[in-house]
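Please work through the following exercises with the sequence and the model at hand. Each task is followed by a stepwise solution.

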Amino acid sequence: MIPAKFDYVAPSTLEEALQALAQGGDDAKVIAGGQSLLPVLRMRLNAPELIIDLGKIDSLRGVRDDGDHIVIGATTTHADVLDDPLVREHALLIAKAETEVADPQVRHRGTFGGSLAHADPAGDLGAPCLALDAELVVAGTGGSTRTISAADFFVDLFTTALEETELLTEVRIPKRTGWGAHYEKFVRVAHQWPIVAVAAAVKVDGGTIAEARVGLTNMGSTPLRATSVERALVGQPATDEAVRAAAATAGEGTNPPSDLNGDADYRRHLAGVLTRRAVLAAAGA
Ligand SMILES: Cc1cc2nc3c(=O)[nH]c(=O)nc-3n(C[C@H](O)[C@H](O)[C@H](O)COP(=O)(O)OP(=O)(O)OC[C@H]3O[C@@H](n4cnc5c(N)ncnc54)[C@H](O)[C@@H]3O)c2cc1C
């Protein structure tokens, strides 16, 4: 289907974009890579009167080093995040997850911030951001900015803490240099959204897991943190037996969907299996 008619602006500064968004109100929508929004428009699930394209705002793009954080601009494409040496060195889990997002075509158009703002519970970047305690920086009208933790950003299915007049500008990720990481995604066919996926980052010290971070994708209406698994892993040897025991509780307290790909119980089972695989791979075991 062809989308409903809309007006289009492509401002070159963040201030102009925020102004257009404030003026447009309910009838305005921003577009970044268009990889999620365009299908929505084509199916006429949404029909905004004004589309504000963020693609010409250079300040929203790129990855930079900021002391104990790396900062990823909201409109940095998945492909650019994946290729960035800072991301690989200090936030390996993000790079690992990016390799699993869609296919090369989508990764060259779709953006890091667009993915998070879209808040699809099956999106591959929410759980890694949650596990790494990422902070999302948001700009509003009148030059206001605020920082939202990943734990507070994802509110519900396709719903974030962003106000209608706000834009996500960048994502700050605390450096975890030297940590092992892995993103284990379970799909029926290649390039699909995950049925379930697990994001794991671990710090191994002399064969023992010193710190662990685990995030779950598609196990509820938002990305989830598997804190009980994290606690159970700390102090354990990075062996199959120890990790298997800790991972067994991954599905507890989750509320996964039931659909044609599998019911909730199956997904809870998958969460345990994939957590074991992700943690062992992250630990290099
Ligand atoms: C065939 C296909 C397969 C895919 N497979 C996967 C997959 O396996 N895993 C996965 O995670 N994703 C997948 N995706 C989605 C892809 O990752 C998109 O890039 C991503 O979901 C949205 O990013 P975007 O830049 O294209 O956002 P857009 O489509 O431009 O926007 C998405 C939403 O976010 C809002 N938005 C965008 N940027 C901002 C901002 N800076 N501030 C505030 N709001 C903003 C828009 O208004 C819109 O509501 C797939 C997409 C396609 C088309």
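The exercises below concern a strand pairing, a loop residue and the ligand site.

This is a predicted model, in which local features need pLDDT of at least 70 and side-chain atom pairs count only at pLDDT 80 or more, while totals for chains, interfaces and linings use all residues. Residues are numbered from 1 along each chain as its sequence is written, and side-chain values use heavy atoms, with hydrogens and water left out.

**Exercise 1.** Determine how strands β2 and β3 run, parallel or antiparallel.

*Solution.* Step 1: locate β2 at residues 28-31 and β3 at residues 50-53; strands are DSSP runs of E with at least two residues, and helices are runs of H or I with at least four, numbered from the N terminus. Step 2: the two strands run parallel and are joined by 4 bridges, where pairing requires at least two bridges found by DSSP. Step 3: within this pairing, Ile31 stands opposite Asp53.

**Exercise 2.** Classify Pro237 as buried, partly exposed or exposed.

*Solution.* Step 1: find Pro237 in the loop between α10 (227-233) and α11 (240-247). Step 2: Pro237 is partly exposed because its relative accessibility is 37% (buried is under 20%, exposed over 50%, partly exposed in between; 1.4 Å probe, protein chains only).

**Exercise 3.** Identify which ligand atoms Val30 and Gln35 approach through their backbones.

*Solution.* Step 1: a backbone N or O atom of Val30 lies 2.6 Å from a ligand oxygen atom. Step 2: a polar backbone atom of Gln35 is 2.7 Å from an oxygen atom of the ligand.

Key:
Polar contact = N/O pair within 3.5 Å; in protein donor to acceptor, adjacent residues only side chain to side chain.
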